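The following account leads the reader through one protein chain. It begins with the strands and proceeds to the packing around them, before turning to individual residues.

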Amino acid sequence: IAPEGWHVPTQLEFTTLINTLGGNELAGTALKSADSNQWTDGLAKTNPSGFNALPMGYRAYYGSFVNPSATAYFVSSSYLSLSQVFCLELNQSANAAMQLWDGRSGFSVRLVKD
């Protein structure tokens, strides 16, 4: 899905980003858009990473949209099976974590330049 010279980040690349930004318990505020009133968690967003995440939820494999204004999910290129893919999850807290989700669902994509 990525054009030449770009790739979908791996689980390890997302984990490195999380660790660089203070670990699972702090990185969420550093990844969320500082200019957005869409995050309703009441936390100050600093966004030093420039990641600029907005809450968009995901499209479940059965067609419904889930958590469209509360959570952001970014798919990685790492998976355990066709139905288990690792995603970066940002929710209504300061947390950022890698979680396994159903790979048949639709998630946001961030690309990394090679």
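**Sheet, cores and selected residues**

The model is predicted. A suitable place to begin is the loop between β3 (65-66) and β4 (72-81), which contains N67. This residue has a positive phi of about 50° although it is not a glycine. With a relative accessibility of 35%, N67 counts as partly exposed.

Beyond that loop comes the sheet. Three strands make up an open sheet in the order β4-β5-β6, and the pairing is antiparallel. Its edge strands are β4 and β6, each of which pairs on one side only. On average, neighbouring strands of this sheet are turned by 25° against each other, direction ignored.

The two strand pairs can be taken in turn. β4 and β5 are joined as a hairpin with two residues between them, and their antiparallel pairing extends over six bridges. Within this pair, S81 stands opposite Q84 in β5. β5 and β6 also form a hairpin, here with five residues between the strands. Strand β6 comprises residues 96-101, and its antiparallel pairing with β5 runs over six bridges. Two positions help to locate this pairing: C87 stands opposite Q99 in β6, and L90 stands opposite A96 in β6.

How many of the seven residues of strand β5 are buried? Six of them are, so that the strand, which spans residues 84-90, is mostly covered. Helix α1 (residues 11-20) lies across β4, β5 and β6, and runs at about 155° to β6.

The packing of side chains may be considered next. In soluble globular proteins, nonpolar side chains tend to be buried together. In this model the largest nonpolar core has 16 residues, and those with the most contacts inside it are L31, F51, F74, L88, L90 and A96. At least two residues of this core are supplied by each of α1, α2, β4, β5 and β6. A second, separate core consists of eight residues, including Y58, A60, Y73 and F107.

Which residues are in contact with L31, once its neighbours within four places in sequence are left aside? They are L17, L21, N47, S49, F51, N52, A53, L88, L90 and A96. L90 and A96 thus appear here as contacts of L31, and they also stand opposite each other in the pairing of β5 with β6.

One of the contacts of L31 is N52, a residue found in the loop between α2 (27-31) and β2 (58-59). The phi of N52 is near 60°, a positive value in a residue other than glycine. Is N52 buried, exposed or partly exposed? Its relative accessibility is 35%, and N52 therefore counts as partly exposed.

The final feature is electrostatic in kind: the count of salt bridges comes to one. R104 forms this salt bridge with D102, and the closest N and O atoms are 2.7 Å apart. The accessibility of the two partners can be stated separately. R104 is partly exposed, with a relative accessible area of 47%. D102 has a relative accessible area of 19% and is buried, because the cut-off for that class is under 20%.

Notes. Residues are numbered from 1 along each chain as its sequence is written. This is a predicted model: local features need pLDDT of at least 70, side-chain atom pairs count only at pLDDT 80 or more; totals for chains, interfaces and linings use all residues. Side-chain values use heavy atoms; hydrogens and water are left out. Helices (H or I, at least four residues) and strands (E, at least two) are DSSP runs, numbered from the N terminus. Buried means under 20% relative accessible area, exposed over 50%, partly exposed in between (1.4 Å probe, protein chains only). Two strands pair if DSSP finds at least two bridges between them. Axes are lines fitted to C-alpha atoms, for helices over the stretch in contact, and angles run from 0 to 180 degrees between N-to-C directions. Contact means heavy atoms within 4.5 Å. A nonpolar core is a set of buried Ala, Val, Leu, Ile, Met, Phe, Trp, Tyr and Cys residues joined through side-chain atoms within 4.5 Å. A salt bridge is a side-chain nitrogen of Lys or Arg within 4 Å of a carboxyl oxygen of Asp or Glu.
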